[in-house]
Amino acid sequence: MSRKILSILALIVPLTILYLVYTGAIDYFEAFLGIIVSIIVGLLFADIVIKNPGKLYNPIRWIHGLLYTFLYFTIIEAKAHLQVISLIINPSRLKPAIVRIPYNVKTDYAVTAVANSITNTPGTVVVDIDESRKVMYVHWIRAIKLSDEEARKMVSELFEEYAHKIFD
């Protein structure tokens, strides 16, 4: 299989899955539409998005990606939603702050994956990334620990672990 086709497929499969998950669609029309849109996006942007197609041949990366996706959308998201709900019920526990969180991943893809994971998790939002210092500034709705390393352990350590296995 050529690298170009592999790059296109590497975009089509996750885009289709994301489309179906986010639309909550189960019918054939939505599945067909998701596949068509994913194919178009894959054809247009594969060369831009996939910089090193050689990494796509590693099945261990795919397994880690699937495992992370499952953990994130089930356990991590559910836990974060419950924590935010408890803060809504008991707002006296709120302790908002912007914390500095160092990151140890290397590639742009890994940094983006960590930043998106933090932002998509309820209660945290990445507001800036300082690439020269390798830190993210994160608004945390309940900043329990303010030191850089403790905040990293609580907010992004798991995300970095998987981003490193998948992208670095």
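Which residues of H3 are buried? I began with that question, and the entries below follow from it.

**Entry 1: ground rules.** I am working on a predicted model, in which local features need pLDDT of at least 70 and side-chain atom pairs count only at pLDDT 80 or more, while totals for chains, interfaces and linings use all residues. I number residues from 1 along each chain as its sequence is written, and side-chain values use heavy atoms, with hydrogens and water left out.

**Entry 2: the chain.** I find six helices and three strands in the chain (DSSP runs, H or I of at least four residues for helices and E of at least two for strands, numbered from the N terminus). Read from the N terminus, the order of the elements is α-α-α-β-α-β-β-α-α. The C-alpha trace spans about 55 × 40 × 25 Å along its principal axes, and 33% of the 168 residues count as buried (under 20% relative accessible area; exposed is over 50% and partly exposed in between, with a 1.4 Å probe and protein chains only). I also looked up contacts (heavy atoms within 4.5 Å): taking those between residues at least 6 apart in sequence, 71% join residues at least 24 apart.

**Entry 3: helix H3.** To my opening question, the buried residues of H3 are Arg61, His64, Gly65, Tyr68, Tyr72, Ile76, Glu77, Ala80, Val84 and Leu87, and these pack against helix H4 (108-120) and helix H6 (157-167). The helix covers residues 59-89, and its 31 residues should span 45 Å at 1.5 Å a residue (the expected span being 1.5 Å times one less than the number of residues); the end C-alpha atoms are 44 Å apart, which agrees. I noted a bend of about 40 degrees at Tyr72 (the angle between axes fitted to the seven residues ending there and the seven starting there). At the start of H3, a side-chain oxygen of Asn58 comes to within 2.9 Å of the backbone nitrogen of Ile60.

**Entry 4: H4 against H6.** I find these two helices packed at an angle of about 150 degrees with their axes 9 Å apart (axes are lines fitted to C-alpha atoms over the stretch in contact, and angles run from 0 to 180 degrees between N-to-C directions). On the H4 side the contact is made by Tyr109, Ala110, Ala113, Val114, Ser117 and Ile118, and on the H6 side by Phe159, Glu160, Ala163 and Phe167. Glu160 is buried, because its relative accessible area is 5%, and apart from neighbours within four places in sequence it is in contact with Pro102, Tyr103, Asn104, Val105, Val114 and Arg152.

**Entry 5: the loop before H6.** Ser156 lies in the loop between helix H5 (148-155) and H6. I count Ser156 as buried, because its relative accessible area is 1%, and, not counting residues up to four places away in sequence, it touches Ile101, Val114, Ile118 and Ala151.

**Entry 6: helix H1.** For the 21 residues of H1 (residues 3-23) I expect a span of 30 Å at 1.5 Å a residue, and the end C-alpha atoms are 30 Å apart, which agrees. The buried residues of H1 are Leu6, Ser7, Ile8, Ala10, Leu11, Ile12 and Thr16, and what covers them includes helix H2 (28-49) and H3. Val13, also found in H1, counts as partly exposed because its relative accessibility is 42%. Val13 and Ile35 are 22 residues apart in sequence and 8.3 Å apart in space, C-alpha to C-alpha. After H1 comes Gly24, whose phi is positive, near 70 degrees.

Definitions and conventions: Polar contact = N/O pair within 3.5 Å; in protein donor to acceptor, adjacent residues only side chain to side chain.
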